[in-house]
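Please open the model in your viewer and keep a selection tool at hand. The stops below go from the contact between chains to the helices, the core and a few single residues.

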There are 2 protein chains.
Amino acid sequence: MGRPRSFDETAVLDAAAAEFRVHGFADTSTEQLCEAAGVRRSSLYNAFVSKDELFVRALERYVAGFRERRAQVLADARLSGAERLRALMEGVVEEERAAREQGHAAGCMVVHSMMTPDLRERDERVARILDRDLREHLDLLEGAIRAGRLDGSIRADADPHEGALLVMTVISGLRVTAQAGVEPGLLRQIALNGLRSLLD
Amino acid sequence: MGRPRSFDETAVLDAAAAEFRVHGFADTSTEQLCEAAGVRRSSLYNAFVSKDELFVRALERYVAGFRERRAQVLADARLSGAERLRALMEGVVEEERAAREQGHAAGCMVVHSMMTPDLRERDERVARILDRDLREHLDLLEGAIRAGRLDGSIRADADPHEGALLVMTVISGLRVTAQAGVEPGLLRQIALNGLRSLLD
DNA sequence: CAAATTTTGGATTCTGTAATACAGAAAGGC
DNA sequence: GCCTTTCTGTATTACAGAATCCAAAATTTG
């Protein structure tokens, strides 16, 4: 009963995440969010309590999306361990390439949130989401690295945990480097070189 | 003539940079800045026009400091090319170790500023400073890599430009990873593994 | 001592923006 | 046709934080 919602809640979250990932929390106004989502302010506040609440939900959805795509790649038994890592990096590069076509870098909600301790402190849920995402990401990466050691595509002397942290570090670094306007082709090279300790 | 300034201008800039590097521009209030610098608001505004102006000057000084320390290491003819890169990474790790003792990660004004396109747009000086810093950083790195290729400490097939970008990427990535609370020892391992394509 | 300038401390103003309020139209279910 | 809910559009409020102002004390030079 009552008029149904005319917009897709998840579409709004995606639009919000798209803004937050490039501008970060503080530099994204509710105005921008309405604009990007194509929703009036009243509707937005009616559906999502506050900017903080919207951010948390957008972050949740953002990491969930990555979690899924990551799992898809990193646990794909058809690929060797090394191929999984390469495919993962390719995904990042592709994202940056697509963003570049729009005239900016892709940005990253996780990098922004990690770099902003105040955000984590103001809402413990943000900290929880980031911690969980990190753990899961590292677990998947370690799995892929172990698989690679078994199938011979990854150096046998590579430590899975250290290797996983390296992959995370390179991805975060790429997010920053991409902001300088470095071309996707170069980003790919950087990514592969960065993982050389695992792949050779 | 007149009462002399009782505080050291550069000390205030350093204190401001210390705040900005962990909280970023938007999440640092003028209150915090006064507090950190031990200066009254009136004095601060008297000496530095505005928060924006203070930020630009703090950023200038921040990158100048790094520029100097970098040049010291990366152009040290007594070290092999590889040793210079290792010393550079050691500096980053050491910074994070020191910050960790204070209970937080070191942060980075450059990473924050790079990730915040709005900042670069609002003040072209910020863009100029970042661009110049990037160029100089890459130049120094390329020099060290070339030196390493000659002295045999760096792989002969390493492309200097790609290598320099890799080093920058790894450093930026470390700034993010450090925020997750990873121990300095691990950070060092990550750094070395990340540069494996150059050092082996 | 006089002039100049900064400091202190607090009060005040200004501004951007998050958030609320509201009236009427629209779109469903019962 | 009635009830409920959401939508549009605009207007208003609330608040945080940047910036200004001020009067009195302090510290220097000449």
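How many residues does the contact take from chain A and from chain B? Select both sides in this predicted model, and you will have 36 residues from chain A and 36 residues from chain B.

**The contact between the chains**

Colour the side of chain A that touches chain B by helix: H1, helix H6 (109-115), helix H7 (117-122), helix H9 (160-179), helix H10 (184-194) and helix H11 (196-199) of chain A each supply at least two residues of it. Of these, H9(A) gives the most, with 12 residues. If you recolour the side of chain A that touches chain B by residue class, it has 17 nonpolar, 15 polar and four charged residues.

**The axis**

Next, superpose the copies: chain A can be laid on chain B with an RMSD of 0.1 Å, by a turn of 180° and a shift of 0.0 Å along the axis. The two copies are therefore related as by a two-fold rotation axis. The same surface serves both copies, since 100% of the contact residues of chain A recur in chain B. To find the place where chain A comes closest to the rotation axis, select Gly173(A), whose C-alpha lies at 1.9 Å from that axis.

**Two crossing helices in chain A**

Now select helix H1 (residues 9-23) and helix H4 (residues 51-74) of chain A, whose axes come within 8 Å and cross at roughly 95°. With angles of 65 to 115 degrees counted as roughly perpendicular, this crossing makes H1(A) roughly perpendicular to H4(A). On the side of H1(A), show Thr10(A), Leu13(A), Asp14(A), Ala16(A), Ala17(A), Phe20(A) and Arg21(A), which meet Leu54(A), Phe55(A), Arg57(A), Ala58(A), Arg61(A) and Tyr62(A) in H4(A). Taken by class, the contact of H1(A) with H4(A) has eight nonpolar, one polar and four charged residues.

While H1(A) is displayed, pick Glu9(A), which is found in this helix. Is Glu9(A) buried or exposed? Glu9(A) is exposed, because it has 12 other C-beta atoms within 10 Å, and a residue counts as exposed at 12 or fewer. A distance label from Glu9(A) to Ala37(A), 28 residues apart along the chain, should read 9.8 Å between the C-alpha atoms.

**The nonpolar core**

Which residues have the most contacts inside the largest nonpolar core? That core has 125 residues, and the ones to highlight are Ala16(A), Ala58(A), Val167(A), Ala16(B), Ala58(B) and Val167(B). Centre the view on Val167(B), which touches Leu85(B), Leu141(B) and Leu195(B) when residues up to four places away in sequence are not counted.

**Two stops in chain B**

Move on to Leu79(B), in the loop between helix H4 (51-74) and helix H5 (81-101) of chain B. Leu79(B) is partly exposed, with 19 other C-beta atoms within 10 Å, and, leaving out residues up to four places away in sequence, it touches Arg84(B) and Ala87(B). Ala147(B) is 68 residues from Leu79(B) in sequence, but the two are 9.6 Å apart in space, C-alpha to C-alpha.

Finish with Arg86(B), whose place is in helix H5 of chain B. Arg86(B) is also partly exposed, with 19 other C-beta atoms within 10 Å, and between its C-alpha atom and that of Arg155(B), 69 residues apart along the chain, the separation is 15 Å.

Key
Residues are numbered from 1 along each chain as its sequence is written. Chains are lettered from A and ligands numbered from 1 in the order in which they are written. This is a predicted model: local features need pLDDT of at least 70, side-chain atom pairs count only at pLDDT 80 or more; totals for chains, interfaces and linings use all residues. Axes are lines fitted to C-alpha atoms, for helices over the stretch in contact, and angles run from 0 to 180 degrees between N-to-C directions. Helices (H or I, at least four residues) and strands (E, at least two) are DSSP runs, numbered from the N terminus. Angles under 35 degrees count as roughly parallel, over 145 as roughly antiparallel, 65 to 115 as roughly perpendicular and the rest as oblique. Two residues are in contact if their C-beta atoms, placed from the backbone, lie within 7 Å. Ala, Val, Leu, Ile, Met, Phe, Trp, Tyr, Cys and Pro count as nonpolar, Asp, Glu, Lys and Arg as charged, and the others, Gly among them, as polar. Copies are superposed by least squares on the C-alpha atoms of residues with pLDDT of at least 70 in both. A nonpolar core is a set of buried Ala, Val, Leu, Ile, Met, Phe, Trp, Tyr and Cys residues joined through C-beta atoms within 7 Å. A residue is buried if 20 or more other C-beta atoms lie within 10 Å of its own, exposed if 12 or fewer, and partly exposed in between; C-beta atoms are placed from the backbone.
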